[in-house]
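Let's take a walk through a protein model together. Have a good look at the picture, then read on.

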Amino acid sequence: MTEAVYHRLVSSDVSGEHIDRHTLACVIAVVRGDPAQTPAVPMTHALGLAPDALASLFASYFPDALDMLPWMAEDEGEGEMALEEDDLRRLLLAHRAGQRPEEEAWLANIVARRSIVGPNHLWQDLGLRDRADLSALMGRYFPGLVALNSDDMKWKKFFYRTLCQQEGVVICKSPNCTVCDDYAHCFSEEAGTSILFSQPADSVAPPPARR
Ligand code: SF4
């Protein structure tokens, strides 16, 4: 059912680039869940977006799906923020591309919130197809962090190590990753099944042409 939400969102009749619509539709669909049921967590809280920011996102990208929004009217703000969430959001924004201010601001909130509350690989908790989808997201919106993470560490691990380094806290067991006992925790493949998509990435139908 959540994949049906994605397809409904991504087929919204708006201009703009498909990759932006795809990225935002993935994460909205995965946090919305089954449309026949009330979400366990309000969308604003799951995304770390205030109601006005989420309404603005829908108006820009999903104007055909505004009926998904009424149940967020009872929300207050973007939900409780974890201690490190603001630091992570600032880290993301400090390394944004600077090409799409609104999308980068929304996604800094979303990536920070999903990193902190999500129990799975980050790409899964963002509703993406696979880890390559997350690499594309980071490269498009936060390329400065891709440059810093040149060894392709797992993104959650990279975020926390970077924030700890900024605070002068050493979390590494070794000065050298190649001889570290935690190497697999930091660099393993992050394989898994997409929470949203039932088919592998190359089986997903290409998006319809946009006007
Ligand atoms: S592999 Fe070890 S040294 Fe490298 S980032 Fe992870 S914990 Fe730190």
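How are helix 5 and helix 10 oriented relative to each other? Before we get there, a word on what you're looking at. This is a predicted model, in which local features need pLDDT of at least 70 and side-chain atom pairs count only at pLDDT 80 or more, while totals for chains, interfaces and linings use all residues. Residues are numbered from 1 along each chain as its sequence is written.

Now the overall build. The protein has 11 helices and zero strands; helices (H or I, at least four residues) and strands (E, at least two) are DSSP runs, numbered from the N terminus. Of its 211 residues, 32% count as buried. Buried means that 20 or more other C-beta atoms lie within 10 Å of the residue's own, exposed means 12 or fewer, and partly exposed is in between, with C-beta atoms placed from the backbone.

Back to our pair. The axes of helix 5 and helix 10 (residues 155–166) come within 10 Å and cross at roughly 100°. Axes here are lines fitted to C-alpha atoms, for helices over the stretch in contact, and angles run from 0 to 180 degrees between N-to-C directions. Helix 5 and helix 10 are therefore roughly perpendicular to each other, a label for angles of 65 to 115 degrees (under 35 is roughly parallel, over 145 roughly antiparallel, the rest oblique). Asp87, Leu88 and Leu91 of helix 5 meet Phe159, Thr162 and Leu163 of helix 10, where contact means C-beta atoms, placed from the backbone, within 7 Å.

Next, try helix 4 (51–61). Leu54, Leu57, Phe58 and Tyr61 are buried there. Looking down the axis of helix 4, you'd find its buried residues within an arc of 95°, so they line one face of the helix. (The arc is that of the directions from the helix axis to the C-beta atoms.) Why might that happen? An α-helix has 3.6 residues a turn, so residues three or four places apart point the same way. The buried residues of helix 4 pack against helix 2 (18–32), helix 3 (43–47) and helix 6 (101–117), while Asp52 and Ala59, on the other side of helix 4, are exposed.

Follow the chain into the loop between helix 4 and helix 5 (85–94), and you'll come to Leu66. Leu66 is exposed, with 12 other C-beta atoms within 10 Å. Leu66 and Leu9 are 57 residues apart in sequence, yet 9.9 Å apart in space, C-alpha to C-alpha.

Key
Two residues are in contact if their C-beta atoms, placed from the backbone, lie within 7 Å. The arc is that of the directions from the helix axis to the C-beta atoms.
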